[in-house]
Amino acid sequence: MTVIGFIGSGHIGGTVARLSVAAGHSVVLSNSRGPDTLKDLVAELGPRASAATGAEAAAAGDLVVVSIPLRAYASVPAGPLAGKVVMDTNNYYPQRDGQIAELDSGALTSSGLLQRHLAGAAVVKVFNNIFYKHLLSLARPDGAADRTFLPIAGDDPAARAAVTAFLDSIGYGAVDGGPLAESWRQEPGTPAYGPPYGAFDNEAGTPAGETVIKEALAAARR
């Protein structure tokens, strides 16, 4: 049994938690407002779910999802995440996060910024390019003709492999997008961000196969 820790349990984090529990994993949820505010979500998810502080969720998880506004990245507890695989769902939205010079210049990607903060962890960019309702609705078992793929990027090949296995368990294939320096290819404004999975007003979404995602990553331009 794998334990998935969550630092941030909003739309994307909560959806990944739902998929995780459905796949037989246990989840430890946290947010910035405290465990008591997650009672309803824990009750919905059932006995495989619990709520904790961010540090506790980080310590408990075999894999950990970070799904908070990018501007709060420095609040992610680095100590408990040392040696762990961290799945980063974040995007840089200057209108929300403020201007960050290293991201504006392209010197770093948003996941590169988190990796620098979490020097002892292995950060993998994933779940950032898909609408949360599509993420919930498009999950399919391995072998399904309409299985959807998600791009991932990370500097550690073993961490990318671990995330690929996790995605498979919750109903998704993975397209390996290489190191974090290339993760801009799945960030806002690129062909891989949103459109492959259908319009936001279509909650069911549109399955996007491996070739579609590979072509979208390749078509990205800065």
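What follows is a short chat about reading strands, helices and salt bridges in this predicted model.

Reader: Let's start at the beginning of the chain. Is strand 1 mostly covered or uncovered?

Author: To read this, go through the strand and check each residue. Strand 1 covers residues 3-7, and five of its five residues are buried.

Reader: Which residues of strand 1 sit on one side, and which on the other?

Author: Look at the two faces in turn. V3, G5 and I7 are on one side, with I4 and F6 on the other, and both faces are covered.

Reader: What does strand 1 pair with, and how do those strands run?

Author: There are two partners to look at here. Strand 2 (residues 26-29) runs parallel to strand 1 and is joined to it by three bridges. The chain gets from strand 1 to strand 2 by way of helix 1 (residues 11-22), and this β-α-β crossover is right-handed. Strand 4 (residues 63-66) also runs parallel to strand 1, with four bridges between them.

Reader: Can we take G5 as an example? Which residues stand opposite G5 in those two strands?

Author: Sure. In strand 2, G5 faces V28, and in strand 4 its bridge partner is V64.

Reader: Now helix 1. How do I check that its length makes sense, and what span should I expect?

Author: You compare an expected span with the distance between the ends. At 1.5 Å a residue, the 12 residues of helix 1 should span 16 Å, and the end C-alpha atoms are 17 Å apart, which agrees. Just after helix 1 comes G24, with a positive phi near 95°.

Reader: How many residues of helix 1 are buried, and which are they?

Author: Nine of the 12 are buried, so to speak a mostly covered helix. Among them are I12, V16, L19 and V21.

Reader: And what do the buried residues of helix 1 pack against?

Author: Quite a list! They pack against strand 1, strand 2, helix 2 (39-45), strand 4, helix 8 and helix 9.

Reader: What about helix 10? Which of its residues are buried?

Author: Here's the general idea. An α-helix has 3.6 residues a turn, so residues three or four places apart point the same way. Now the case here: helix 10 (residues 210-219) has I213, A216 and L217 as its buried residues. Seen down the helix axis, they fall within an arc of 100°, so they line one face of helix 10.

Reader: Which exposed residues are on the face turned away, and what covers the buried ones?

Author: T211, E215 and A218 are the exposed residues on the face turned away from the buried side. The cover over the buried residues of helix 10 includes strand 7 (149-154) and strand 8.

Reader: Strand 8 has G173 in it. Is G173 buried or exposed?

Author: G173 belongs to strand 8, residues 173-176. Its relative accessible area is 7%, and the cut-off for buried is under 20%, so G173 is buried.

Reader: Which residues does G173 touch?

Author: Leaving out residues up to four places away in sequence, G173 touches R147, T148, F149, L150 and L167.

Reader: You've got R147 in that list. Which salt bridge does R147 form with D168, and how far apart are the closest atoms?

Author: First, the overall picture: a search of the whole structure finds 11 salt bridges. In the one between D168 and R147, the closest N and O atoms are 2.8 Å apart. The pair links distant parts of the chain, 21 residues apart: D168 is in helix 9 (residues 157-170), while R147 is in the loop between helix 8 (132-137) and strand 7.

Reader: Are those two buried or exposed?

Author: Check them one by one. D168, at 36% relative accessible area, is partly exposed, whereas R147, at 9%, counts as buried.

Reader: Where is the salt bridge of D176?

Author: D176 pairs with R160, with the closest N and O atoms 2.9 Å apart. D176 lies in strand 8 and R160 in helix 9, so the salt bridge ties together parts 16 residues apart in sequence. D176 counts as partly exposed at 48% relative accessibility, and R160 counts as buried at 14%.

Reader: Which residues are joined into a network by shared salt-bridge partners?

Author: D142, R147 and D168 are joined into one network that way.

Definitions and conventions
Residues are numbered from 1 along each chain as its sequence is written. This is a predicted model: local features need pLDDT of at least 70, side-chain atom pairs count only at pLDDT 80 or more; totals for chains, interfaces and linings use all residues. Side-chain values use heavy atoms; hydrogens and water are left out. Buried means under 20% relative accessible area, exposed over 50%, partly exposed in between (1.4 Å probe, protein chains only). Contact means heavy atoms within 4.5 Å. Two strands pair if DSSP finds at least two bridges between them. A crossover is right-handed if, with the strands pointing away from the viewer, the path from the first strand over the helix to the second runs clockwise. The arc is that of the directions from the helix axis to the C-beta atoms. A salt bridge is a side-chain nitrogen of Lys or Arg within 4 Å of a carboxyl oxygen of Asp or Glu. The expected span of a helix is 1.5 Å times one less than its number of residues.
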